[in-house]
Each structure stands twice: as C-alpha cells, then as structure tokens.
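Trainee: Please take a close look at one helix for me, and follow it to whatever it helps to line.

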Amino acid sequence: MQGNVYIYIAVMSLVSLAVRVLPLTLIRGQIKNRFLRSFLYYVPYVTLAVMTFPAIVEATQSPVAGALALVVGGVLAWAGAGLFPVSAACCVVVFVAELFFV
C-alpha cells in the first residue's frame, strides 16, 4: 500500500459521513412510497441476517452442527420461544452434533 495513510482515512471518513448525512439532508419529508418504505423497514433485518448466518455455520467445528442449530433455533423462534431458550437449545444441539460429526 503506497501513499499517505491519512489521506485514505480522510476519504473513508468522508464517504462514511456522506452515506449517513445525505439522506437526512436530501429527504426532508415523510416517504410515502409503500415499496420504498417496506424496503427500508427490512434493511436492518437483512443486514443482520447476512452477517449472522455465515457465522453460525462457520463458528462450529462441523458446518453440519451449525446448520442443525440454525434449523432448531429457527423452529423454536417461530414457535414463540424466547431468546434464552432458543440460544440454550442451539448450544445443546451443537454440543451433541459435534459429538457425532467431529
């Protein structure tokens, strides 16, 4: 990497600031488009899912154990279980699955 590191940091800071400030300054009224509103509503969930799902599968010694825990956690969450029971069940599933698959 050639060049001045401070220039790179300054450009990165300006781009990060622009991404956050421009929507606040350019969009002053309420967004009335239903498609855009629904898209913006789901962006945080999609971002979290994209960051979390690969980590779930790759964090275990066996990707099969991670995938099984993901399925069990999804089913329990869909059934209405709370955060602690879901996470505890996923930990137990990973522990038992790694006994068999590793």
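Mentor: Start with a yardstick: the expected span of a helix is 1.5 Å times one less than its number of residues. This is a predicted model. Now apply the yardstick to helix α2, residues 34–58. Its 25 residues should span 36 Å, and the end C-alpha atoms lie 37 Å apart, so the two values agree.

Look next at the start of α2. There, a side-chain oxygen of Asn33 comes to within 3.0 Å of the backbone nitrogen of Phe35. Further along, α2 has a kink of about 35 degrees at Val43. The proline Pro44 follows shortly after that kink.

Now the pocket. α2 is one of the elements that line the largest pocket, whose volume is about 230 Å³. α3 (63–78) and α4 (83–101) also give two or more residues each to that lining. The largest share, six residues, comes from α3. In total, 14 residues line the largest pocket. Ile56, Gly66, Ala69, Leu70 and Cys90 lie nearest its centre. By character, the lining holds nine nonpolar residues, five polar and no charged.

One last point, away from α2. Val5 sits in helix α1, residues 5–26. Its relative accessible area is 41%; buried means under 20% and exposed over 50%, so Val5 counts as partly exposed. Val5 and Val86 are 81 residues apart along the chain, and their C-alpha atoms are separated by 45 Å.

Methods:
Residues numbered from 1 in each chain as written. Predicted model: local features only at pLDDT ≥ 70, side-chain atom pairs only at ≥ 80, totals over all residues. Heavy atoms only, no water. Helix = DSSP H or I, 4+ residues; strand = E, 2+ residues; numbered from the N terminus. Bend = angle between axes of the 7 residues up to and from the residue. Polar contact = N/O pair within 3.5 Å; in protein donor to acceptor, adjacent residues only side chain to side chain. Buried < 20%, exposed > 50% of the residue type's maximum accessible area, 1.4 Å probe, protein only. 1 Å grid on protein atoms, 1.4 Å probe; cavity = no way out; pocket = protein on both sides within 12 Å on 5 of 7 lines; lining within 4 Å. Points joined across faces, edges and corners; volume = space filled by probe spheres on them. Nonpolar A, V, L, I, M, F, W, Y, C, P; charged D, E, K, R; others polar.
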